[in-house]
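Trainee: I am new to this structure and would like to go through it slowly, one question at a time.
Mentor: Then let us look at it together.

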Amino acid sequence: MSPAHQTNNATGERLLIAVTGASGMLYLRAFLKVIAGSGIEVHGICSSSGRKVLWMEEGVTPADLKGIARWFAEDDFTAPPASGSSRYRGMAVLPCSMGTLAAIASGLSVNLIHRAADVMLKERRTLILAVRETPLNRNHLQNMLRAHDAGAIICPPMPAHYLRPATLEEAAETYAWRLADQLGIAVADRKRWGEEPTC
Ligand SMILES: Cc1cc2nc3c(=O)[nH]c(=O)nc-3n(C[C@H](O)[C@H](O)[C@H](O)COP(=O)(O)O)c2cc1C
């Protein structure tokens, strides 16, 4: 490749999304919707439990999700996300189960989701964990702190009720905006506190 065709942007405009078997697939759909048109290329990995919960909650398969250009199998450690040389600006685990949280907090690489998250942490790239469980036990809380201390951003799917969302979809959108902010993705028509009438 000639120097004219090289890019100075080492991480490119790619984002990795990992879907695990926690409840909250609505937030995944909302996030894909708000970043559609942002120009960022999204790649995905879905755990086997994630596939089941996606079907139970949304009635779709990963391949049905619009906005994910390429999927990798959860056991494919030869896929690009397994390497620090891959060009992802960041990764979001959305939603993130307590099992996947524990694996990431412990540095285990049992599947490609865990390995890709480990890579994000070692490369000092953005890793967001949309953890979902209630109530939380001591292990959950300790694993969140461990992941936080290793560099992850713990960002549970919590809508902004003060923006008065009228539907579940609108509520999920308020969370999707926050996630986009964390990943540095500009979203058109994003509402912000103090910048919009609230009543
Ligand atoms: C309908 C359904 C909802 C679930 N919701 C959650 C959840 O909110 N949080 C969680 O940690 N696990 C939840 N689980 C359990 C996980 O799917 C299970 O622990 C699984 O082993 C996680 O594997 P993964 O992290 O590889 O996707 C749920 C399972 C089902 C079937």
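Trainee: Which helices each supply at least two residues of the shell around the ligand?
Mentor: This is a predicted model, in which local features need pLDDT of at least 70 and side-chain atom pairs count only at pLDDT 80 or more, while totals for chains, interfaces and linings use all residues. Residues are numbered from 1 along each chain as its sequence is written. Helices (H or I, at least four residues) and strands (E, at least two) are DSSP runs, numbered from the N terminus. The helices that each supply at least two residues of the shell are α2 (48–58) and α3 (98–106).

Trainee: Which helix gives the most to that shell?
Mentor: A residue is near the ligand if its C-beta atom, placed from the backbone, lies within 6 Å of it, and among those that come nearest are Ser-49 and Met-98. With five residues, the helix that gives the most is α2.

Trainee: Where is Pro-95 found?
Mentor: The peptide bond that leads from Leu-94 to Pro-95 is cis, with omega near -5°. Pro-95 itself is found in strand β4.

Trainee: Is Arg-164 buried or exposed?
Mentor: Arg-164, in the loop between β6 (153–154) and α6, has a phi near 55°, a positive value in a residue other than glycine. A residue is buried if 20 or more other C-beta atoms, placed from the backbone, lie within 10 Å of its own, exposed if 12 or fewer, and partly exposed in between. Because Arg-164 has 12 other C-beta atoms within 10 Å, Arg-164 is exposed.
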